[in-house]
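Biologist: Hi! Could you walk me through this protein before I get back to the bench?

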Amino acid sequence: MKIRFYLNDQAERIMALWSESRREYLVADSVFAEVDACICGETDSCGEEMKRIAAFLDNPAAKAVDPDWMIDTALPCSPSKLVCLGKSYAAHAKEFDDDPVQEPAIFLKSPSAITSCSDVVLYPPGCDKLDYEIELAVVIKNVLKNASPEEAARAISGYTLMCDYSERANQLEHGGQWTKGKSYDSFAPMGPTFISVEELGDGSGIPLELKVNGEVRQHGNTDGLIWPVPELLAYISRFMTLWPGDVVSTGTPAGVGMGMNPPQYLKPGDVVEWGSPAFGYASQAVVFDDEE
């Protein structure tokens with residue numbers, strides 16, 4: 001199962017269920033609850049639910065989309081929290097501060113930062129160190145608490161991508177924890193595709209790529225993670241309970257703007273392209289946030 005987020009001809013953001021075999025798109029909220037239930041593990045008959053959705057795909061009425069049915073969403077679920085991992089790739093840990101990594105770093109981004117990968121990136125007032133990080137994100141379907149890696153692996157619903165935007169000055173230079181440099185509106189775009197665990201497995205071997213204004217900045221692979229995805233989820237579950245629909249973003253490979261010499265941060269007018277062959281690619285423009 002793949003769920004794809006894209007712009008239709010009217011440039012309205014929608015949630016689309018994509019059938020690989022049919023190459024057809026579904027854009028109706030009549031199946032949103034079923035999709036959410038499947039992803040979040042709230043049904044014991046996910047296969048039957050997906051058969052019903054596939055049947056809807058075959059319905060000619062699905063092709064006559066009423067704009068009132070369109071859903072403005074970045075994810076096909078509503079996470080209670082967005083948990084992020086820092087310095088989980090050795091190469092990125094080295095460019096970040098070169099301190100030895102003994103355990104994963106955990107921080108939270110506010111769910112209000114979540115947006116569609118079709119949206120712009122807002123440049124906050126007073127910002128001068130806006131950075132990017134392409135990451136694999138995991139969607140949880142079962143409750144995880146003090147879990148083993150094996151239990152964590154069984155609790156994965158699927159994967160999407162996230163670009164973890166950061167305002168480095170707020171993150172690192174103004175005291176406190178990282179969250180305030182990570183949680184500005186638009187700083188957690190997700191997409192362009194959700195892929196179920198049945199299709200993608202344990203999350204290993206996934207290329208991750210990011211460009212700024214056409215220049216390749218990040219070109220990594222999830223094989224570079226210090227800890228495999230199930231181990232990371234089990235580790236997080238020692239400190240907090242992960243609920244169905246929660247999202248865990250697993251960290252970024254090397255190549256961030258802060259790690260360059262000299263650092264090269266994003267500016268309004270820049271275009272950030274990020275993605276992976278399996279998931280597709282997003283393109284986002286950086287714009288001033290003029291709202292007060």
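Modeller: Happy to; here is a short tour of the model, starting with confidence.

Modeller: This is a predicted model, so local features need pLDDT of at least 70 and side-chain atom pairs count only at pLDDT 80 or more, while totals for chains, interfaces and linings use all residues. Residues are numbered from 1 along each chain as its sequence is written, and side-chain values use heavy atoms, with hydrogens and water left out.

Biologist: What is the mean pLDDT of the protein?

Modeller: The mean is 82, and 75% of the residues reach 70 or more. pLDDT is the predictor's confidence in each residue, from 0 to 100. Over residues 6-29 the pLDDT is below 50, and this stretch has 73 contacts (heavy atoms within 4.5 Å) in the model beyond near neighbours in sequence. Over residues 63-72 the pLDDT is also below 50, with 17 such contacts.

Biologist: Thanks. Is strand β12 buried or exposed?

Modeller: Nine of the nine residues of β12 (188-196) are buried (under 20% relative accessible area, 1.4 Å probe, protein chains only), so the strand is largely enclosed by the rest of the structure. Strands here are DSSP runs of E with at least two residues, and helices are runs of H or I with at least four, numbered from the N terminus.

Biologist: And which strands pair with β12?

Modeller: Two strands pair if DSSP finds at least two bridges between them. β6 (114-116) pairs with β12 in the parallel sense over three bridges, and S116 has M190 as its bridge partner. β10 (156-163) runs antiparallel to β12, joined by four bridges; there, Y159 is partnered with I195.

Biologist: New topic: what order do the strands of the open sheet take?

Modeller: Its five strands go β7-β17-β16-β13-β14, with mixed pairing. The edge strands, β7 (121-123) and β14 (215-221), each pair on one side only. For β7 that partner is β17 (280-288), in the parallel sense over three bridges, with V121 bridged to V286.

Biologist: Which residues touch the most other members of the largest nonpolar core?

Modeller: Those are L130, Y165, L233 and W274, in a core of 61 residues. A nonpolar core is a set of buried Ala, Val, Leu, Ile, Met, Phe, Trp, Tyr and Cys residues joined through side-chain atoms within 4.5 Å. Strand β9 (134-140) gives the most to this core, six residues.

Biologist: Last one: how many residues of helix α8 are buried?

Modeller: Seven of the eight in α8 (229-236), including L233 and Y235. The buried residues of α8 pack against several elements, among them β9, β10 and α4 (149-154).

Definitions and conventions
Buried < 20%, exposed > 50% of the residue type's maximum accessible area, 1.4 Å probe, protein only.
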